[in-house]
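Please open the model in a viewer and keep the sequence beside it. The tour proceeds by selections, each followed by a description of what is found there.

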Protein chains: 2
Amino acid sequence: MKKQAIEHTRLLALSLLAGEDMYGYQMIVELARRSNHTFDMKEGTLYPVLHGLEQEGFVEAYRKQAPTGRERKYYHLTRKGQGALREEEAAWRRYSGAVNDVLRGGAEAV
Amino acid sequence: MKKQAIEHTRLLALSLLAGEDMYGYQMIVELARRSNHTFDMKEGTLYPVLHGLEQEGFVEAYRKQAPTGRERKYYHLTRKGQGALREEEAAWRRYSGAVNDVLRGGAEAV
DNA sequence: TTGACATACCTAGAAATACTATGTATAATA
DNA sequence: TATTATACATAGTATTTCTAGGTATGTCAA
């Protein structure tokens, strides 16, 4: 019943797009694969986030025909989005490092 | 204006109490110190969480006179709380490990 | 002594974030 | 041809944390 704790959705989304352009559904599948199924991001979570990233100019969307004949909406990480990714990565390292410090009983010597 | 992302409040609170009994205000100060001021937990966040942990039997509260003469409300981690802490720690390692896997481009070989 | 500040606890309401549930539509497959 | 997987989307709900406010005591300087 407990909510699954996926909080850094933006970081994860930006990170997925760093390697290659992807469409939403693909990102969900890829995220599950790369995280060994620790993350099971819902469509109701990802799509609004992608729309937000697009509005901020971090990603650009374009439609492309899939080999299946079906049209997909691909997202591309812009230069601005690359900067945002670097910032979010730094924030994550700071955050996770701090949690680990606390778990170890605190960073004694500074 | 952005909300500070402290999500694992329970984990942090339980972890602080693993070493010694503490009172709320002290926990906030200690958390800031141990995290090198990465975490600045608000009272409006901590106190409701402590009350919840108490209701679940993870911590026990008792009042004690401080050297200043003032009464403080100390929290003690119960055996049940120690178990909860171990579980939360494991969840954190799983979660942070998965984020790092995704940032690295995915855990290729499983 | 009094005014400011740090300490110490608490709660109500707002904001942010992610989930559930649902709707639509197409392609593949049994 | 019916079901499943693919693919996008949004409305409403739930959870978590913050903001803002309240109450009260101890310390210290002016």
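**First stop: the two protein chains**

Select chain A and chain B together: 27 residues of chain B are in contact with 27 residues of chain A. Two residues are in contact if their C-beta atoms, placed from the backbone, lie within 7 Å. On the side of chain B that touches chain A, the elements giving two or more residues are α1 (9-19), α2 and α4 (79-103) of chain B. Helices (H or I, at least four residues) and strands (E, at least two) are DSSP runs, numbered from the N terminus. Colour α4(B) next, for the largest share of this side, 10 residues, belongs to that helix. By class, this side of chain B holds 12 nonpolar, 9 polar and 6 charged residues. Here Ala, Val, Leu, Ile, Met, Phe, Trp, Tyr, Cys and Pro count as nonpolar, Asp, Glu, Lys and Arg as charged, and the others, Gly among them, as polar.

The model is predicted: local features need pLDDT of at least 70, side-chain atom pairs count only at pLDDT 80 or more, and totals for chains, interfaces and linings use all residues. Residues are numbered from 1 along each chain as its sequence is written, while chains are lettered from A and ligands numbered from 1 in the order in which they are written.

**Second stop: the rotation axis**

How is chain B superposed on chain A? A rotation of 180° with 0.0 Å of shift along its axis achieves this, with an RMSD of 0.0 Å; the two copies are thus related as by a two-fold rotation axis. The superposition is by least squares on the C-alpha atoms of residues with pLDDT of at least 70 in both copies. Select B:Ser96, which of the residues of chain B comes closest to the axis, at 3.6 Å (C-alpha). The same surface serves both copies, as 100% of the contact residues of chain B recur in chain A.

**Third stop: the nonpolar cores**

Hide chain B for a moment and trace chain A, which has 4 helices and 3 strands. Along the sequence, they follow the pattern α-β-α-α-β-β-α. Of the 110 residues in chain A, 27% are buried, that is, they have 20 or more other C-beta atoms (placed from the backbone) within 10 Å of their own.

Now show both chains again. A nonpolar core is a set of buried Ala, Val, Leu, Ile, Met, Phe, Trp, Tyr and Cys residues joined through C-beta atoms within 7 Å. The largest has 24 residues, and A:Ala13, A:Leu14, A:Leu17, A:Leu31 and A:Val59 have the most contacts inside it. Elements that give two or more residues to this core are α1 (9-19), α2, α3, β3 and α4 (79-103) of chain A, together with α4 of chain B. Centre the view on A:Leu17: not counting residues up to four places away in sequence, A:Leu17 touches A:Met22, A:Val59, A:Tyr75 and A:Leu77. Apart from this core lies another, of 23 residues, among them A:Tyr95, A:Ala98, B:Ile28 and B:Val59.

**Final stop: the DNA strands**

Select DNA strand D. Which residues come nearest to DNA strand D? Of the 30 residues around the strand, they are A:Tyr23, A:Gly24, A:Gly44, B:Gly44 and B:Thr45. A residue is near a strand if its C-beta atom, placed from the backbone, lies within 6 Å of it. The largest share of this surface, 5 residues, comes from α3(A).

Finally, select DNA strand C, which 28 residues surround, the closest being A:Gly44, A:Thr45, B:Tyr23, B:Gly24 and B:Gly44. Here α3(B) gives the most, with 5 residues.

Notes: A residue is buried if 20 or more other C-beta atoms lie within 10 Å of its own, exposed if 12 or fewer, and partly exposed in between; C-beta atoms are placed from the backbone.
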